[in-house]
Amino acid sequence: MSQPKADTPAPETKTAEEEPPRSPREIRLVMIGLVVTMLLAMLDNLIVGTAMPTIVGDLGGAEHLSWVVTSYTLATAASTPIWGKLGDLYGRKGTFLTSIVIFLAGSALSGLSQNMNELIGFRALQGLGAGGLMVGVMSIMGALVAPRDRGKYQGMFAAVMALATIGGPLVGGFITDHLSWHWTFYINLPLGVVALAVVMVTLKLPKVRSKARIDYLGAVLLTTGITALTLITTWGGQEYAWGSKQILGLAALAAATLIAFCYVEQRVQEPMLPLDLFKNLNFTLVSLIGFVVGFVMFGSTVFLPLYQQTVQGASATNSGLLLMPMMFGMLVVSLVVGQAVTKTGKYRIYPIIGTIVMTAGMVLLSTMGTATSSFTSACWMVVLGAGMGFLMQITMLVAQNSVELKDMGVASSTATLFRTIGGSFGVALFGALFNNRVTATMKERLGDAAANGGGKGDPSSLSPAALRELPAPVQDAYHHAVANGMHTVFLWGAGVAVIAVAAAVFMREVPLRGAGSPAKGDDKGAEPTVEAVAI
């Protein structure tokens with residue numbers, strides 16, 4: 001990114017970087033709106049996932065079911081870095097409020113959908129807004145709270161994450177059973193109105209007027225590359241074989257556009273994603289750790305309920321509650337680590353401990369079999385949750401502490417993007433490994449004729465209700481197949497987690513900025529292309 005010349009005077013008006021420290025009361029008021037917004041972002045897919053069978057039964061188009069999720073994920077991943085950059089260029093408050101409005105419009109229209117094509121399109125609109133929700137929350141918190149003091153608020157966001165993960169499936173099931181699937185989208189509206197009102201009234205940030213040109217070409221190239229990667233992880237091994245011309249074509253498209261993106265970003269005045277950020281060792285390493293955390297977390301939360309329902313006999317509603325040990329471990333550790341970072345200003349040890357504990361949790365979960373008790377699996381989930389608790393907020397904190405305040409939005413969006421892509425890769429790879437292992441085990445135990453779930457289709461997609469209708473020998477074979485599939489999934493997950501351990505070891509201890517302390521490079525003056533007035 002271009003820097004002002006030494007003899008260029010800074011504007012007389014106040015810039016975002018020169019904002020005075022906020023009082024704890026001001027911050028707490030703003031946090032209410034940020035917490036509600038984060039709840040919006042995290043609840044949506046969890047609630048909608050529970051209602052999907054009912055939605056398909058009402059609207060039809062089961063062959064397009066995956067696109068209800070894929071369209072949302074694509075739009076979210078592709079728009080995340082763009083929202084971050086827009087916040088840096090034109091002010092975080094305005095772009096954050098805009099993303100909330102778009103998300104609510106997509107939610108309302110999704111609830112009004114009359115067919116599957118409409119739902120897919122409106123979910124894409126909803127995902128476009130969702131891309132700015134998490135980025136907005138993290139970048140605004142980064143602008144208001146110094147990294148040294150941010151641990152005080154980590155527990156709040158960890159609690160929201162735990163509440164969303166546990167409560168999402170429960171709320172989705174209740175709404176579907178007692179109201180209608182339309183309300184799985186309408187429930188976002190009152191929450192969103194509260195978030196909008198609180199943020200508009202309590203958040204005071206400079207309104208930035210930038211004369212810099214938007215990097216449209218970079219935005220198009222990055223969006224195309226991310227879209228191609230997301231489609232590869234969504235379709236690979238599922239819709240198309242990994243060696244098919246469709247997947248290979250997408251891989252070539254992703255490689256070409258991302259290489260072109262890197263070329264363009266080195267030559268534009270105001271790049272969409274400044275590649276200089278990755279010259280900072282900590283930023284690069286923490287981005288890699290965030291990718292692995294997303295890979296492990298999303299893969300675990302998708303496949304653990306399947307094991308609990310099919311092998312351990314839990315109901316769909318109770319499977320959400322059975323994830324509580326993992327969320328409890330995550331919440332408690334995140335609270336403790338946040339307070340420790342605030343008191344000491346030291347953080348390097350926590351990613352090292354967290355990645356090791358997370359890897360151990362994946363290894364322990366890989367030992368689960370058909371005879372594993374709910375108590376034993378709960379203990380292993382606590383270990384995994386504790387490992388992620390060391391990492392969830394620390395990764396964002398280190399990313400934000402590694403950049404100047406003017407790049408806070410793009411740093412937050414990049415950290416979120418790597419976690420999102422990691423989750424997409426995790427679900428796709430785990431899904432392919434799981435399906436292959438389940439099918440292979442069923443063939444070993446029952447032969448080709450009976451390996452299709454007793455004539456009821458793909459064994460990897462049998463529901464617990466359909467499973468109970470099968471003969472006892474088929475049920476027993478399927479239980480073993482699912483257990484073997486889980487063993488493969490978590491063992492591979494442990495192997496990927498080792499990468500995060502190596503990255504954490506090489507991370508350096510860089511002092512955290514205190515309240516009111518300038519960010520790295522702030523003494524160079526404000527960029528001459530930006531003016532700001534308080535709003």
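In this predicted model, Cys379 is partly exposed, with a relative accessible area of 30%. Cys262 is also partly exposed, at 35%. A disulfide is a covalent bond between the sulfur atoms of two cysteines. A search for such bonds through the whole structure gives a count of zero.

The overall picture comes next. The protein chain is built with 17 helices and two strands. It has 535 residues, and 54% of them count as buried. Among contacts in the chain with a separation of 6 or more, 83% are made by residues 24 or more positions apart. In other words, partners that lie 24 or more positions from each other account for 83% of this set of contacts.

A good place to look inside is the largest nonpolar core, which has 108 residues. The members that touch the most other members are Leu304, Met358 and Met486. Helix H17, spanning residues 472-505, supplies the largest share of this core, with 14 residues. Leu304 shows what such a position looks like up close: with residues up to four places away in sequence not counted, it touches Leu323, Met326, Leu365, Met368, Met381, Met486 and Phe490. One of these partners, Met486, is itself among the three core members with the most such neighbours. A second core, separate from the largest one, holds nine residues, including Val68, Met116, Trp181 and Phe185.

Aromatic rings add another layer to the picture. The model contains five aromatic pairs. In one stacked pair, Tyr350 and Phe390 sit 6.4 Å apart from centre to centre, with 20° between the planes. The angle counts as stacked because it is under 30 degrees. Tyr350 belongs to helix H13 (residues 349-365) and Phe390 to helix H14 (residues 374-401), so the pair ties together parts that are 40 residues apart in sequence. Both rings belong to buried residues: the relative accessible area is 15% for Tyr350, and Phe390 likewise has 15%. Elsewhere, ring pairs join Phe278, Phe283 and Phe418 into a cluster.

Helix H2 offers a view of how separate stretches of the chain meet. Ala75 is located in this helix and counts as buried, at 15% relative accessibility. Its C-alpha atom is 8.1 Å from that of Gln126, although the two residues are 51 residues apart along the chain. Leaving aside neighbours within four places in sequence, Ala75 is in contact with Ala124, Gly127 and Leu128.

Helix H3 (residues 92-111) contains Ser99. Ser99 is buried, with a relative accessibility of 0%. Not counting residues up to four places away in sequence, Ser99 touches Trp83, Gly129, Gly132 and Leu133.

Finally, there are the empty spaces. Rolling a probe the size of a water molecule over the atoms shows where empty space is left. The whole structure has three cavities of 30 Å³ or more. The largest cavity holds about 70 Å³ of space. Twelve residues line the largest cavity, and Trp83, Gly87, Thr95, Gly136 and Ser139 are the closest to its centre. Helix H2 (65-90), H3 and helix H4 (116-144) are the elements that each give two or more residues to this lining. Trp83, one of the lining residues, is also among the residues that Ser99 touches.

Notes
Residues are numbered from 1 along each chain as its sequence is written. This is a predicted model: local features need pLDDT of at least 70, side-chain atom pairs count only at pLDDT 80 or more; totals for chains, interfaces and linings use all residues. Side-chain values use heavy atoms; hydrogens and water are left out. Rings of Phe, Tyr and Trp (its six-membered ring) pair if their centres lie within 6.5 Å; planes under 30 degrees apart count as stacked, over 60 as edge-to-face and the rest as tilted. Helices (H or I, at least four residues) and strands (E, at least two) are DSSP runs, numbered from the N terminus. Buried means under 20% relative accessible area, exposed over 50%, partly exposed in between (1.4 Å probe, protein chains only). A disulfide is a pair of cysteine sulfur atoms within 2.5 Å. A nonpolar core is a set of buried Ala, Val, Leu, Ile, Met, Phe, Trp, Tyr and Cys residues joined through side-chain atoms within 4.5 Å. Contact means heavy atoms within 4.5 Å. On a 1 Å grid over the protein atoms alone, a cavity is a set of points where a 1.4 Å probe fits but cannot get out, and a pocket is an open set with protein on both sides within 12 Å along at least five of seven lines; lining residues have an atom within 4 Å of a point. Grid points are joined across faces, edges and corners, and a volume is the space filled by probe spheres set on the points.
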